[in-house]
Amino acid sequence: MFGHSEMLIVVLLVLALVFAGVHIAVALGITAAFGIWLMMGDLDVVRTFVSNTAYEALRDYVFAVIPLFMLMGDLLAKCGAARDIYALGHRFSKWLPAQLAAATIVSNALFGFVTGVSIAAAAAFSRIAYPEMKRYGYRRDFALGCVAGSSCLGMLIPPSVLMIVWAVLTEVSIGKLFLAGVIPGFLAAFGMIAYVVVAATLNPALVGGASRFGASKTQPRAGGITVGRPADTGDPPTGLPSEEPIGPLLRSTGLVVALVIGVLAAIWLGLCTPTEGAGVGAVGALVLALIKGITPREIRDVVIDVGRTSGPLLLLLFCAQLYSRVLSMTGFTEVAKSFLLATGLGAWGILAVMVGIWFVLGTLIDSISIILLTVPIFAPIAAHLGFDPLAFAIIGILAIETGLLTPPFGILVFTVKAAVPDKSVELAEIFRGAIPYWFVLLAVVIGIAVFPQLATWLPSL
(Lines give C-alpha, C1' and ligand atoms only; values in the text may rest on other atoms or scores of the structure.)
Protein backbone atom coordinates (compact mmCIF):
# COMPACT_ATOMS: atom_id res chain seq x y z
CA MET A 1 0.00 0.00 0.00
CA PHE A 2 1.26 3.45 -0.88
CA GLY A 3 1.90 5.33 2.37
CA HIS A 4 1.62 9.02 3.13
CA SER A 5 5.39 9.48 2.94
CA GLU A 6 5.50 8.10 -0.61
CA MET A 7 2.58 10.33 -1.63
CA LEU A 8 4.40 13.35 -0.25
CA ILE A 9 7.57 12.38 -2.12
CA VAL A 10 5.66 12.22 -5.43
CA VAL A 11 4.18 15.71 -4.95
CA LEU A 12 7.30 17.37 -3.54
CA LEU A 13 9.50 15.88 -6.27
CA VAL A 14 7.48 17.43 -9.09
CA LEU A 15 7.41 20.81 -7.32
CA ALA A 16 11.16 20.67 -6.69
CA LEU A 17 11.87 19.85 -10.33
CA VAL A 18 9.59 22.62 -11.63
CA PHE A 19 11.04 25.29 -9.35
CA ALA A 20 14.56 24.10 -10.18
CA GLY A 21 13.90 25.03 -13.80
CA VAL A 22 13.21 21.58 -15.26
CA HIS A 23 10.69 21.68 -18.11
CA ILE A 24 7.21 20.98 -16.77
CA ALA A 25 6.65 18.02 -19.13
CA VAL A 26 9.94 16.42 -18.08
CA ALA A 27 9.18 17.06 -14.40
CA LEU A 28 5.72 15.48 -14.65
CA GLY A 29 7.02 12.51 -16.65
CA ILE A 30 9.92 11.77 -14.31
CA THR A 31 7.73 12.08 -11.22
CA ALA A 32 5.01 9.86 -12.69
CA ALA A 33 7.53 7.17 -13.67
CA PHE A 34 9.17 7.38 -10.23
CA GLY A 35 5.76 7.09 -8.52
CA ILE A 36 4.90 3.95 -10.52
CA TRP A 37 8.28 2.47 -9.64
CA LEU A 38 7.69 3.22 -5.95
CA MET A 39 4.36 1.36 -6.14
CA MET A 40 5.41 -1.59 -8.30
CA GLY A 41 9.17 -1.82 -7.94
CA ASP A 42 9.48 -3.07 -11.53
CA LEU A 43 10.92 -1.02 -14.42
CA ASP A 44 9.12 -3.17 -17.01
CA VAL A 45 5.80 -2.17 -15.45
CA VAL A 46 6.85 1.47 -15.59
CA ARG A 47 7.76 1.17 -19.28
CA THR A 48 4.49 -0.58 -20.15
CA PHE A 49 2.39 1.92 -18.19
CA VAL A 50 4.04 4.94 -19.82
CA SER A 51 3.81 3.51 -23.37
CA ASN A 52 0.14 2.53 -22.96
CA THR A 53 -0.77 5.96 -21.58
CA ALA A 54 1.05 7.69 -24.45
CA TYR A 55 -0.72 5.57 -27.05
CA GLU A 56 -4.17 6.04 -25.52
CA ALA A 57 -3.71 9.76 -24.92
CA LEU A 58 -2.17 11.02 -28.14
CA ARG A 59 -4.30 8.95 -30.52
CA ASP A 60 -7.44 10.65 -29.20
CA TYR A 61 -8.49 12.98 -32.00
CA VAL A 62 -9.72 15.62 -29.52
CA PHE A 63 -6.07 16.63 -29.15
CA ALA A 64 -6.13 17.95 -32.71
CA VAL A 65 -8.39 20.78 -31.55
CA ILE A 66 -5.38 22.61 -30.07
CA PRO A 67 -3.16 22.95 -33.19
CA LEU A 68 -6.21 23.54 -35.43
CA PHE A 69 -7.55 26.43 -33.35
CA MET A 70 -4.02 27.84 -33.07
CA LEU A 71 -3.63 27.56 -36.85
CA MET A 72 -6.92 29.42 -37.37
CA GLY A 73 -5.87 32.20 -35.00
CA ASP A 74 -2.36 32.57 -36.35
CA LEU A 75 -3.55 32.75 -39.96
CA LEU A 76 -6.06 35.47 -39.12
CA ALA A 77 -3.52 37.37 -37.04
CA LYS A 78 -0.87 37.14 -39.76
CA CYS A 79 -3.15 38.69 -42.36
CA GLY A 80 -3.74 41.83 -40.28
CA ALA A 81 -6.84 40.96 -38.23
CA ALA A 82 -5.45 42.55 -35.06
CA ARG A 83 -4.73 45.86 -36.79
CA ASP A 84 -8.15 45.96 -38.49
CA ILE A 85 -9.97 45.15 -35.25
CA TYR A 86 -8.07 47.88 -33.40
CA ALA A 87 -8.68 50.46 -36.11
CA LEU A 88 -12.42 49.68 -36.04
CA GLY A 89 -12.48 49.90 -32.24
CA HIS A 90 -10.69 53.22 -32.54
CA ARG A 91 -13.40 54.56 -34.87
CA PHE A 92 -16.31 53.46 -32.68
CA SER A 93 -14.93 54.55 -29.29
CA LYS A 94 -14.32 58.24 -30.00
CA TRP A 95 -17.12 59.31 -27.66
CA LEU A 96 -15.35 57.79 -24.62
CA PRO A 97 -12.92 59.81 -22.46
CA ALA A 98 -10.20 57.15 -22.87
CA GLN A 99 -10.98 56.16 -26.44
CA LEU A 100 -7.68 54.50 -27.33
CA ALA A 101 -7.52 52.52 -24.08
CA ALA A 102 -11.15 51.44 -24.53
CA ALA A 103 -10.43 50.50 -28.16
CA THR A 104 -7.48 48.40 -26.98
CA ILE A 105 -9.66 46.50 -24.48
CA VAL A 106 -12.48 45.94 -26.97
CA SER A 107 -9.97 44.84 -29.61
CA ASN A 108 -8.35 42.40 -27.20
CA ALA A 109 -11.78 40.93 -26.41
CA LEU A 110 -12.52 40.48 -30.12
CA PHE A 111 -9.00 39.23 -30.79
CA GLY A 112 -9.57 36.65 -28.05
CA PHE A 113 -12.29 35.21 -30.30
CA VAL A 114 -9.69 34.96 -33.07
CA THR A 115 -6.63 33.48 -31.35
CA GLY A 116 -7.51 32.36 -27.82
CA VAL A 117 -3.90 33.05 -26.78
CA SER A 118 -3.08 35.93 -24.44
CA ILE A 119 0.58 36.14 -25.42
CA ALA A 120 -0.33 36.62 -29.09
CA ALA A 121 -2.65 39.48 -28.15
CA ALA A 122 -0.03 41.08 -25.92
CA ALA A 123 2.60 40.94 -28.65
CA ALA A 124 0.23 42.25 -31.34
CA PHE A 125 -1.20 45.19 -29.42
CA SER A 126 2.18 46.18 -27.98
CA ARG A 127 3.14 47.02 -31.57
CA ILE A 128 -0.24 48.41 -32.66
CA ALA A 129 -1.97 50.10 -29.72
CA TYR A 130 0.92 51.34 -27.57
CA PRO A 131 2.56 53.53 -30.26
CA GLU A 132 -0.85 55.10 -30.98
CA MET A 133 -1.52 55.83 -27.29
CA LYS A 134 1.97 57.24 -26.89
CA ARG A 135 1.43 59.45 -29.95
CA TYR A 136 -1.68 60.90 -28.33
CA GLY A 137 0.11 61.69 -25.06
CA TYR A 138 -1.11 58.82 -22.86
CA ARG A 139 0.94 58.35 -19.72
CA ARG A 140 3.30 55.48 -20.37
CA ASP A 141 2.44 53.19 -17.45
CA PHE A 142 -1.30 53.68 -18.10
CA ALA A 143 -0.92 52.69 -21.77
CA LEU A 144 1.36 49.74 -21.06
CA GLY A 145 -0.88 48.47 -18.27
CA CYS A 146 -3.87 48.66 -20.61
CA VAL A 147 -2.13 46.51 -23.23
CA ALA A 148 -0.89 43.92 -20.70
CA GLY A 149 -4.05 43.79 -18.59
CA SER A 150 -6.54 43.51 -21.42
CA SER A 151 -4.44 40.80 -23.10
CA CYS A 152 -5.69 38.42 -20.39
CA LEU A 153 -9.04 38.41 -22.16
CA GLY A 154 -7.57 36.11 -24.80
CA MET A 155 -7.65 33.17 -22.38
CA LEU A 156 -11.13 33.95 -21.03
CA ILE A 157 -13.06 34.33 -24.27
CA PRO A 158 -13.40 31.18 -26.42
CA PRO A 159 -11.71 29.54 -28.20
CA SER A 160 -9.15 29.50 -25.39
CA VAL A 161 -6.15 27.20 -25.16
CA LEU A 162 -6.44 27.14 -21.36
CA MET A 163 -10.08 26.05 -21.63
CA ILE A 164 -9.15 23.26 -24.03
CA VAL A 165 -6.39 22.02 -21.71
CA TRP A 166 -8.72 22.18 -18.68
CA ALA A 167 -11.48 20.33 -20.57
CA VAL A 168 -9.11 17.57 -21.71
CA LEU A 169 -7.77 17.05 -18.17
CA THR A 170 -11.20 17.01 -16.48
CA GLU A 171 -13.14 15.38 -19.34
CA VAL A 172 -15.79 18.11 -19.43
CA SER A 173 -17.34 19.24 -22.71
CA ILE A 174 -15.08 21.66 -24.59
CA GLY A 175 -18.10 23.29 -26.22
CA LYS A 176 -19.86 23.85 -22.87
CA LEU A 177 -16.69 25.24 -21.33
CA PHE A 178 -16.35 27.65 -24.26
CA LEU A 179 -19.92 28.82 -23.61
CA ALA A 180 -19.25 29.15 -19.87
CA GLY A 181 -16.46 31.64 -20.55
CA VAL A 182 -18.48 34.06 -22.69
CA ILE A 183 -20.31 36.07 -19.98
CA PRO A 184 -17.35 36.16 -17.52
CA GLY A 185 -15.05 37.21 -20.37
CA PHE A 186 -17.24 40.12 -21.36
CA LEU A 187 -17.81 41.06 -17.71
CA ALA A 188 -14.03 41.31 -17.33
CA ALA A 189 -13.82 43.41 -20.50
CA PHE A 190 -16.62 45.69 -19.27
CA GLY A 191 -14.89 46.11 -15.90
CA MET A 192 -11.63 47.06 -17.61
CA ILE A 193 -13.39 49.62 -19.85
CA ALA A 194 -15.17 51.06 -16.80
CA TYR A 195 -11.79 51.45 -15.06
CA VAL A 196 -10.08 53.30 -17.92
CA VAL A 197 -13.10 55.59 -18.46
CA VAL A 198 -13.37 56.49 -14.76
CA ALA A 199 -9.60 56.90 -14.43
CA ALA A 200 -9.45 59.18 -17.49
CA THR A 201 -12.42 61.21 -16.22
CA LEU A 202 -10.88 61.73 -12.78
CA ASN A 203 -7.36 62.31 -14.09
CA PRO A 204 -7.30 63.49 -17.75
CA ALA A 205 -3.50 63.66 -17.61
CA LEU A 206 -3.46 59.87 -17.92
CA VAL A 207 -4.74 60.18 -21.49
CA GLY A 208 -2.86 63.31 -22.51
CA GLY A 209 -5.50 65.73 -21.23
CA ALA A 210 -5.32 68.81 -19.03
CA SER A 211 -4.00 68.49 -15.51
CA ARG A 212 -2.75 70.78 -12.82
CA PHE A 213 0.79 69.67 -13.68
CA GLY A 214 0.85 70.97 -17.23
CA ALA A 215 -0.92 72.29 -20.28
CA SER A 216 -3.68 70.49 -22.10
CA LYS A 217 -2.87 68.16 -24.95
CA THR A 218 -6.51 67.94 -26.00
CA GLN A 219 -8.64 70.19 -28.12
CA PRO A 220 -12.36 70.88 -27.68
CA ARG A 221 -15.03 69.76 -30.07
CA ALA A 222 -18.74 70.45 -30.27
CA GLY A 223 -20.65 69.84 -27.05
CA GLY A 224 -17.68 70.63 -24.82
CA ILE A 225 -16.22 67.11 -25.07
CA THR A 226 -12.47 67.03 -25.48
CA VAL A 227 -10.70 64.76 -27.89
CA GLY A 228 -7.03 63.95 -27.97
CA ARG A 229 -4.64 65.00 -30.68
CA PRO A 230 -1.16 63.65 -31.24
CA ALA A 231 1.32 65.00 -28.74
CA ASP A 232 4.37 66.72 -30.21
CA THR A 233 6.91 64.21 -28.96
CA GLY A 234 9.44 64.70 -31.72
CA ASP A 235 9.06 61.07 -32.74
CA PRO A 236 7.96 60.07 -36.23
CA PRO A 237 4.29 59.11 -36.48
CA THR A 238 3.71 55.49 -35.50
CA GLY A 239 0.77 53.18 -34.94
CA LEU A 240 -2.40 53.71 -36.95
CA PRO A 241 -3.45 56.66 -39.08
CA SER A 242 -5.88 58.97 -37.32
CA GLU A 243 -8.69 57.96 -39.68
CA GLU A 244 -9.22 54.66 -41.45
CA PRO A 245 -11.84 54.13 -44.21
CA ILE A 246 -14.78 52.50 -42.46
CA GLY A 247 -15.88 50.24 -45.35
CA PRO A 248 -12.77 48.04 -45.66
CA LEU A 249 -12.50 47.81 -41.87
CA LEU A 250 -16.09 46.63 -41.50
CA ARG A 251 -15.67 44.06 -44.27
CA SER A 252 -12.38 42.72 -42.92
CA THR A 253 -13.40 42.59 -39.27
CA GLY A 254 -16.91 41.35 -40.11
CA LEU A 255 -15.58 38.39 -42.08
CA VAL A 256 -13.16 37.43 -39.31
CA VAL A 257 -15.75 37.71 -36.53
CA ALA A 258 -18.37 35.90 -38.65
CA LEU A 259 -15.96 33.00 -39.24
CA VAL A 260 -15.10 32.60 -35.56
CA ILE A 261 -18.69 32.99 -34.33
CA GLY A 262 -19.85 30.55 -37.03
CA VAL A 263 -17.33 27.95 -35.88
CA LEU A 264 -18.20 28.38 -32.21
CA ALA A 265 -21.95 28.37 -32.91
CA ALA A 266 -21.62 25.12 -34.86
CA ILE A 267 -19.86 23.57 -31.85
CA TRP A 268 -22.34 24.97 -29.33
CA LEU A 269 -25.37 23.85 -31.33
CA GLY A 270 -23.98 20.34 -31.72
CA LEU A 271 -23.60 20.54 -35.49
CA CYS A 272 -19.99 19.41 -35.22
CA THR A 273 -17.44 18.37 -32.64
CA PRO A 274 -14.84 20.88 -31.39
CA THR A 275 -12.18 19.16 -33.51
CA GLU A 276 -14.31 19.31 -36.65
CA GLY A 277 -15.19 22.94 -35.94
CA ALA A 278 -11.53 23.81 -35.47
CA GLY A 279 -10.71 22.13 -38.79
CA VAL A 280 -13.40 24.10 -40.62
CA GLY A 281 -12.17 27.28 -38.91
CA ALA A 282 -8.58 26.65 -39.99
CA VAL A 283 -9.66 26.18 -43.63
CA GLY A 284 -11.87 29.28 -43.46
CA ALA A 285 -9.02 31.29 -41.95
CA LEU A 286 -6.72 30.15 -44.76
CA VAL A 287 -9.27 31.31 -47.37
CA LEU A 288 -9.64 34.72 -45.66
CA ALA A 289 -5.87 35.05 -45.36
CA LEU A 290 -5.45 34.31 -49.07
CA ILE A 291 -8.11 36.90 -49.91
CA LYS A 292 -6.22 39.46 -47.80
CA GLY A 293 -2.98 38.68 -49.63
CA ILE A 294 -1.01 36.37 -47.36
CA THR A 295 2.04 34.93 -49.13
CA PRO A 296 3.06 31.25 -49.36
CA ARG A 297 6.12 32.04 -47.25
CA GLU A 298 3.94 33.53 -44.50
CA ILE A 299 1.66 30.47 -44.60
CA ARG A 300 4.69 28.23 -44.18
CA ASP A 301 5.92 30.35 -41.26
CA VAL A 302 2.49 30.12 -39.57
CA VAL A 303 2.39 26.32 -39.93
CA ILE A 304 5.92 25.99 -38.51
CA ASP A 305 5.13 28.32 -35.60
CA VAL A 306 1.97 26.38 -34.75
CA GLY A 307 3.91 23.13 -34.83
CA ARG A 308 6.60 24.55 -32.56
CA THR A 309 3.97 25.74 -30.09
CA SER A 310 1.45 22.89 -30.15
CA GLY A 311 3.98 20.03 -30.20
CA PRO A 312 5.36 20.74 -26.72
CA LEU A 313 1.80 21.43 -25.53
CA LEU A 314 0.63 17.97 -26.62
CA LEU A 315 3.64 16.46 -24.82
CA LEU A 316 2.63 18.44 -21.74
CA LEU A 317 -0.90 17.02 -21.89
CA PHE A 318 0.37 13.46 -22.18
CA CYS A 319 2.70 13.89 -19.20
CA ALA A 320 -0.10 15.56 -17.23
CA GLN A 321 -2.43 12.62 -17.89
CA LEU A 322 0.32 10.25 -16.79
CA TYR A 323 0.86 12.25 -13.60
CA SER A 324 -2.89 12.46 -12.96
CA ARG A 325 -3.22 8.67 -13.24
CA VAL A 326 -0.38 8.17 -10.81
CA LEU A 327 -1.99 10.55 -8.30
CA SER A 328 -5.24 8.60 -8.55
CA MET A 329 -3.47 5.25 -8.16
CA THR A 330 -1.52 6.41 -5.13
CA GLY A 331 -4.64 7.79 -3.47
CA PHE A 332 -3.15 11.27 -3.10
CA THR A 333 -6.29 12.99 -4.40
CA GLU A 334 -8.41 11.30 -1.73
CA VAL A 335 -5.88 12.15 0.97
CA ALA A 336 -5.77 15.79 -0.13
CA LYS A 337 -9.58 15.93 -0.14
CA SER A 338 -9.78 14.40 3.34
CA PHE A 339 -7.14 16.79 4.64
CA LEU A 340 -8.90 19.89 3.31
CA LEU A 341 -12.29 18.72 4.58
CA ALA A 342 -10.78 18.01 8.00
CA THR A 343 -9.59 21.62 8.31
CA GLY A 344 -13.19 22.69 8.93
CA LEU A 345 -12.86 25.60 6.53
CA GLY A 346 -16.04 24.69 4.68
CA ALA A 347 -16.59 24.85 0.93
CA TRP A 348 -15.93 28.59 0.64
CA GLY A 349 -12.80 28.43 2.76
CA ILE A 350 -11.39 25.55 0.71
CA LEU A 351 -12.19 27.41 -2.51
CA ALA A 352 -10.33 30.45 -1.12
CA VAL A 353 -7.32 28.23 -0.35
CA MET A 354 -7.33 26.88 -3.92
CA VAL A 355 -7.55 30.38 -5.40
CA GLY A 356 -4.74 31.52 -3.09
CA ILE A 357 -2.54 28.65 -4.27
CA TRP A 358 -3.26 29.62 -7.89
CA PHE A 359 -2.30 33.22 -7.13
CA VAL A 360 1.00 32.16 -5.56
CA LEU A 361 1.86 29.70 -8.33
CA GLY A 362 1.00 32.38 -10.88
CA THR A 363 3.90 34.47 -9.62
CA LEU A 364 6.33 31.65 -10.36
CA ILE A 365 5.26 29.49 -13.32
CA ASP A 366 3.12 29.77 -16.44
CA SER A 367 -0.64 29.17 -16.70
CA ILE A 368 -0.64 25.81 -18.47
CA SER A 369 1.89 24.41 -16.00
CA ILE A 370 -0.33 25.54 -13.11
CA ILE A 371 -3.34 23.79 -14.65
CA LEU A 372 -1.36 20.59 -15.23
CA LEU A 373 -0.07 20.58 -11.64
CA THR A 374 -3.21 21.52 -9.73
CA VAL A 375 -6.35 20.60 -11.68
CA PRO A 376 -5.96 16.80 -11.26
CA ILE A 377 -5.99 17.43 -7.49
CA PHE A 378 -8.41 20.36 -7.16
CA ALA A 379 -11.15 19.34 -9.62
CA PRO A 380 -12.25 16.18 -7.74
CA ILE A 381 -12.23 18.10 -4.45
CA ALA A 382 -14.37 20.88 -5.93
CA ALA A 383 -16.82 18.32 -7.33
CA HIS A 384 -17.10 16.67 -3.90
CA LEU A 385 -17.82 20.07 -2.32
CA GLY A 386 -20.67 20.63 -4.76
CA PHE A 387 -19.15 23.28 -7.02
CA ASP A 388 -20.36 23.18 -10.61
CA PRO A 389 -17.51 21.88 -12.83
CA LEU A 390 -17.99 24.63 -15.43
CA ALA A 391 -18.16 27.47 -12.88
CA PHE A 392 -15.14 26.05 -11.06
CA ALA A 393 -13.21 25.84 -14.33
CA ILE A 394 -13.87 29.51 -15.12
CA ILE A 395 -12.94 30.53 -11.55
CA GLY A 396 -9.70 28.57 -11.91
CA ILE A 397 -8.83 30.01 -15.31
CA LEU A 398 -9.54 33.55 -14.09
CA ALA A 399 -7.44 33.04 -10.96
CA ILE A 400 -4.60 31.56 -12.97
CA GLU A 401 -4.83 34.42 -15.48
CA THR A 402 -4.09 36.90 -12.71
CA GLY A 403 -0.70 35.23 -12.45
CA LEU A 404 0.12 36.45 -15.95
CA LEU A 405 0.14 39.98 -14.52
CA THR A 406 1.75 39.21 -11.15
CA PRO A 407 5.47 39.75 -10.42
CA PRO A 408 8.04 38.30 -10.57
CA PHE A 409 6.99 36.00 -13.45
CA GLY A 410 4.07 37.85 -15.10
CA ILE A 411 4.62 36.41 -18.56
CA LEU A 412 2.29 38.95 -20.22
CA VAL A 413 4.33 41.77 -18.75
CA PHE A 414 7.54 40.28 -20.13
CA THR A 415 5.85 39.78 -23.51
CA VAL A 416 4.83 43.45 -23.64
CA LYS A 417 8.33 44.50 -22.60
CA ALA A 418 9.87 42.41 -25.40
CA ALA A 419 7.38 43.46 -28.09
CA VAL A 420 6.89 47.16 -27.41
CA PRO A 421 8.81 49.40 -29.85
CA ASP A 422 9.96 51.73 -27.04
CA LYS A 423 13.02 50.02 -25.57
CA SER A 424 13.25 52.47 -22.65
CA VAL A 425 10.16 50.87 -21.07
CA GLU A 426 10.81 49.25 -17.68
CA LEU A 427 9.11 46.17 -16.27
CA ALA A 428 8.09 48.06 -13.12
CA GLU A 429 6.06 50.50 -15.24
CA ILE A 430 4.07 47.70 -16.85
CA PHE A 431 3.47 45.90 -13.55
CA ARG A 432 2.33 49.18 -11.96
CA GLY A 433 -0.04 49.94 -14.82
CA ALA A 434 -1.50 46.41 -14.78
CA ILE A 435 -2.50 46.43 -11.07
CA PRO A 436 -6.10 47.68 -11.65
CA TYR A 437 -6.70 44.93 -14.21
CA TRP A 438 -5.59 42.36 -11.64
CA PHE A 439 -8.33 43.62 -9.31
CA VAL A 440 -10.91 43.50 -12.12
CA LEU A 441 -10.12 39.82 -12.70
CA LEU A 442 -10.33 39.18 -8.95
CA ALA A 443 -13.75 40.86 -8.83
CA VAL A 444 -15.02 38.58 -11.61
CA VAL A 445 -13.66 35.53 -9.71
CA ILE A 446 -15.64 36.57 -6.64
CA GLY A 447 -18.70 37.28 -8.78
CA ILE A 448 -18.69 33.78 -10.29
CA ALA A 449 -18.09 32.17 -6.90
CA VAL A 450 -21.15 33.97 -5.49
CA PHE A 451 -23.25 33.71 -8.67
CA PRO A 452 -22.13 30.57 -10.56
CA GLN A 453 -25.02 31.15 -12.98
CA LEU A 454 -22.79 33.70 -14.70
CA ALA A 455 -20.85 30.72 -16.03
CA THR A 456 -23.52 28.04 -16.15
CA TRP A 457 -26.48 29.88 -17.66
CA LEU A 458 -25.41 29.79 -21.33
CA PRO A 459 -24.34 26.11 -21.29
CA SER A 460 -27.66 25.20 -19.67
CA LEU A 461 -29.73 26.63 -22.52
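Glu171 is exposed, because its relative accessible area is 74% and the cut-off for exposed is over 50%. The residue sits in the loop between H10 and helix H11 (174-180). Its phi is near 60°, a positive value in a residue other than glycine. Most residues other than glycine have a negative phi. The model is a predicted one, and this backbone angle belongs to that prediction.

Step back to the whole chain. It holds 461 residues, and 53% of them count as buried. Its secondary structure comes to 22 helices and two strands. The accessible surface is about 19,300 Å². Carbon and sulfur atoms account for 68% of that surface. Now take the contacts between residues at least 6 apart in sequence: 79% of them join residues at least 24 apart.

Return to H10. Thr170 belongs to this helix. Is Thr170 buried, partly exposed or exposed? Its relative accessible area is 22%, so it is partly exposed; the cut-off for buried is under 20%. Leaving out residues up to four places away in sequence, Thr170 touches Val375 and Ala379. Thr170 and Val375 are 205 residues apart in sequence, yet their C-alpha atoms are 7.7 Å apart in space.

H10 also packs against another helix. Two packed helices are described by the angle between their axes and the distance between the axes. The axes of H10 (residues 161-170) and H15 (residues 296-330) come within 11 Å and cross at roughly 30°. H10 is therefore roughly parallel to H15. Their crossing is right-handed. On the H10 side, the contact is made by Val161, Val165, Val168 and Leu169. On the H15 side, the residues are Leu313, Leu317, Ala320 and Gln321.

H15 has a second partner in H18. Here the packing angle is about 20°, and the axes are 9 Å apart. H15 and H18 are therefore roughly parallel to each other. H15 passes H18 in a right-handed crossing. From H15 come Leu313, Leu316, Leu317, Ala320, Tyr323, Ser324 and Leu327. They meet Ile368, Leu372, Leu373, Pro376 and Ile377 in H18. Leu313, Leu317 and Ala320 of H15 are thus named in the contact with H10 and in the contact with H18.

Look at one residue of that H18 face. Leu373 lies in helix H18 (residues 367-385). Is Leu373 buried or exposed? Leu373 counts as buried, because its relative accessibility is 7%. Which residues does Leu373 contact, leaving aside neighbours within four places in sequence? They are Val14, Val18, Ile24, Leu28, Tyr323 and Ile365. Leu373 and Ala320 are 53 residues apart along the chain, and their C-alpha atoms are separated by 7.5 Å.

Now turn to H12 and H21. Helix H12 (residues 182-202) packs against H21 at an angle of about 140°, with the axes 9 Å apart. The two helices are therefore oblique to each other; an angle has to be over 145 degrees to count as roughly antiparallel. The crossing of H12 and H21 is right-handed. H12 contributes Pro184, Leu187, Ala188, Gly191, Met192, Tyr195 and Val196 to the contact. H21 answers with Pro436, Tyr437, Val440, Leu441, Val444 and Ile448.

H21 (residues 427-450) also holds Glu429. Unlike the exposed Glu171, Glu429 is buried, because its relative accessible area is 12%. Glu429 touches Arg140, Asp141, Leu144 and Ser424, not counting residues up to four places away in sequence.

Two more helices can be checked for length. How far should the 17 residues of H17 (residues 346-362) span at 1.5 Å a residue? They should span 24 Å, and the end C-alpha atoms are 24 Å apart, which agrees. Buried residues in H17 are Ile350, Leu351, Met354, Val355, Trp358, Phe359, Leu361 and Gly362.

H4 (residues 65-78) gives a similar check. It has 14 residues and reaches 20 Å from its first C-alpha to its last, close to the 20 Å expected. Its buried residues are Val65, Ile66, Pro67, Phe69, Met70, Met72, Gly73, Leu75 and Leu76. Gly80 follows H4, with a positive phi near 95°.

Definitions and conventions: Residues numbered from 1 in each chain as written. Predicted model: local features only at pLDDT ≥ 70, side-chain atom pairs only at ≥ 80, totals over all residues. Heavy atoms only, no water. Helix = DSSP H or I, 4+ residues; strand = E, 2+ residues; numbered from the N terminus. Expected span 1.5 Å × (residues − 1). Buried < 20%, exposed > 50% of the residue type's maximum accessible area, 1.4 Å probe, protein only. Contact = heavy atoms within 4.5 Å. Areas by Shrake-Rupley, 256 points an atom, 1.4 Å probe, with all protein chains shown as cover. Axes fitted to C-alpha atoms, helices over the stretch in contact; angles between N-to-C directions. Parallel < 35°, antiparallel > 145°, perpendicular 65-115°, else oblique. Left-handed = near helix turned anticlockwise from the far one by under 90°.
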